[in-house]
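Biologist: I would like to go through this structure claim by claim. Please set each value against its rule.

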Amino acid sequence: MKKLKLGHTDIEISQMGIGHCDFGTKIPKDTAFQVLDAYYDAGGNFIDTSNNYCIWLPGGKGGECETIIGEWMKNRRNRDHIVLSTKLGANVEDLSSIRNSDGSLMSDWYLRGEGLSKKAIIAAIEGSLKRLQTDHIDLYYAHVEDAEIDPQETLEAFDQLEKQGKIRAIGCSNHRTWRIERAKQISQKNNLIEYCCTQDLHTYLQPDPMKRALFATQEKLDYLRHNPEVALIAYTPTLWGKYAQTEKYEDPSFWDEFYGPTTAAKLNALREIAAKHNASEIQIVYAWMMQNSPPAVPLIATSSVQHLLENLAACKISLSDGDLNILNKANN
């Protein structure tokens, strides 16, 4: 895998990252270790997690994924070769506070977490450092927006952590475009640490904005295209593996909120380019994301070494300008 500069920083990351929120819950330790080993052996160094993975699963308390990754790095003695990212802001201490009477999660549960105050940030990083068994985080994310806190307070807290050597860079996840730009203005005006990336749901098909609020919108993609100092890190790039189920491509209900007026044309283009390169549709999605404008660093989430290696093979696919034009024209 090639290495890329992470936004405006000097940190070098793999062109594909790995991060599975189910490590330590649905995915047991030995399986997680096998997947992480395979990724590392293939030249990968960019690992993504969060302090709230995986509180939405039955029995999940948050922090399980960080714990598994910390144990893996300690066991493999490779911390110095890993670019480690984690997040804060959406962890919930009292899980009963985010559940409805029937036990289901509230629709806005992720906005009821610890938030992005200085107090929350200082407390959260200590827990993450302990679980990850490290003295610093390479990339620390503001996981969700916090409308109750002045963004300058958040950035000043991050800046303090950088000066203490506890973090190297910061990013934001699930933030609207105007908030990213506002944060940049505050950082530059006050000489504070600046967001180097945004992590969002991003894939070839875009969802209906009336049904899904959190994703890399066309507005955000245009912003990133003109502000390359902010990298795009993409989660859920394969739509939970849906692209692999080609027999369901013609079923609008299968795609749910990701089905729209141009979906059929997009999927036809995807199949055309996949056939041309003797590749899977998922591999073409990954290649498109990495080679399109703005480029994205996709995060692989799998519990299978075989699927991991198949995904990583996308790094070897070179799409022509004509290929990208076919995929992008269908995407308009």
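The talk below covers strands, burial, charged pairs and cysteines.

Modeller: First, the ground rules. This is a predicted model, where local features need pLDDT of at least 70, side-chain atom pairs count only at pLDDT 80 or more, and totals for chains, interfaces and linings use all residues. Residues are numbered from 1 along each chain as its sequence is written, and side-chain values use heavy atoms, with hydrogens and water left out.

Biologist: What makes strand 5 mostly covered?

Modeller: Burial is a cut-off: buried means under 20% relative accessible area, exposed over 50%, and partly exposed in between (1.4 Å probe, protein chains only). In strand 5, 6 of 6 residues are buried. Val83, Ser85 and Lys87 point one way, Leu84, Thr86 and Leu88 the other way, and all are buried. Helices (H or I, at least four residues) and strands (E, at least two) are DSSP runs, numbered from the N terminus.

Biologist: How do you know that strand 4 and strand 5 pair?

Modeller: Two strands pair if DSSP finds at least two bridges between them. Strand 4 (residues 46-48) and strand 5 have 3 bridges and run in the parallel sense. Ile47 stands opposite Leu84 of strand 5.

Biologist: And how many bridges join strand 5 to strand 6?

Modeller: There are 4, and these strands run parallel. One bridge partner to look for is Tyr141 in strand 6, across from Lys87.

Biologist: Why is the strand 4, helix 2, strand 5 unit called right-handed?

Modeller: A crossover is right-handed if, with the strands pointing away from the viewer, the path from the first strand over the helix to the second runs clockwise. Strand 4, helix 2 (residues 64-76) and strand 5 make such a right-handed β-α-β unit. Strand 5, helix 3 and strand 6 make a right-handed β-α-β unit too.

Biologist: What joins the side chains of Asp48 and Lys87?

Modeller: A polar contact of 2.8 Å. The rule asks for a pair of N or O atoms within 3.5 Å; within protein, one must be able to donate a hydrogen and the other to accept it, and residues adjacent in sequence count only if both atoms are side-chain atoms. Asp48 sits in strand 4. Asp48 has a relative accessible area of 3%, so it is buried. Leaving aside neighbours within four places in sequence, Asp48 is in contact (heavy atoms within 4.5 Å) with residues including Ile18, His20, Tyr53, Tyr141 and Gln199.

Biologist: Why is Gly89 called buried?

Modeller: Its relative accessible area is 2%, so Gly89 is buried. Gly89 lies in the loop between strand 5 (83-88) and helix 3. Beyond neighbours within four places in sequence, its contacts include Tyr110, Leu116 and His143.

Biologist: Why do Glu126 and Lys166 count as a salt bridge?

Modeller: A salt bridge is a side-chain nitrogen of Lys or Arg within 4 Å of a carboxyl oxygen of Asp or Glu. For Glu126 and Lys166, N to O is 2.6 Å. Glu126 lies in helix 3 (residues 118-132) and Lys166 in the loop between helix 4 (151-163) and strand 7 (167-173), so the pair ties together parts that are 40 residues apart in sequence. At 36%, Glu126 is partly exposed. Lys166, at 23%, is partly exposed as well.

Biologist: Is Glu145, the partner of Arg176, buried or exposed?

Modeller: Glu145 has a relative accessible area of 16%, so it is buried. Arg176, at 46%, is partly exposed. Their closest N and O atoms are 2.9 Å apart, in a salt bridge.

Biologist: Where do Arg225 and Asp222 lie?

Modeller: Both are in helix 6 (residues 218-226), 3 residues apart, about one turn of the helix. Their side chains form a salt bridge at 3.5 Å, N to O. Arg79, Asp138 and Arg168 are linked in a network of salt bridges. The whole structure holds 17 salt bridges.

Biologist: How many disulfides are there?

Modeller: A disulfide is a pair of cysteine sulfur atoms within 2.5 Å, and the count is 0. For Cys65, the nearest cysteine sulfur, that of Cys21, is 7.2 Å away.

Biologist: Why is there no bond between Cys196 and Cys197?

Modeller: Their sulfurs are 4.0 Å apart, and that is too far for a bond. Cys196 is buried, at 0% relative accessibility. Cys65 is also buried, at 0%.
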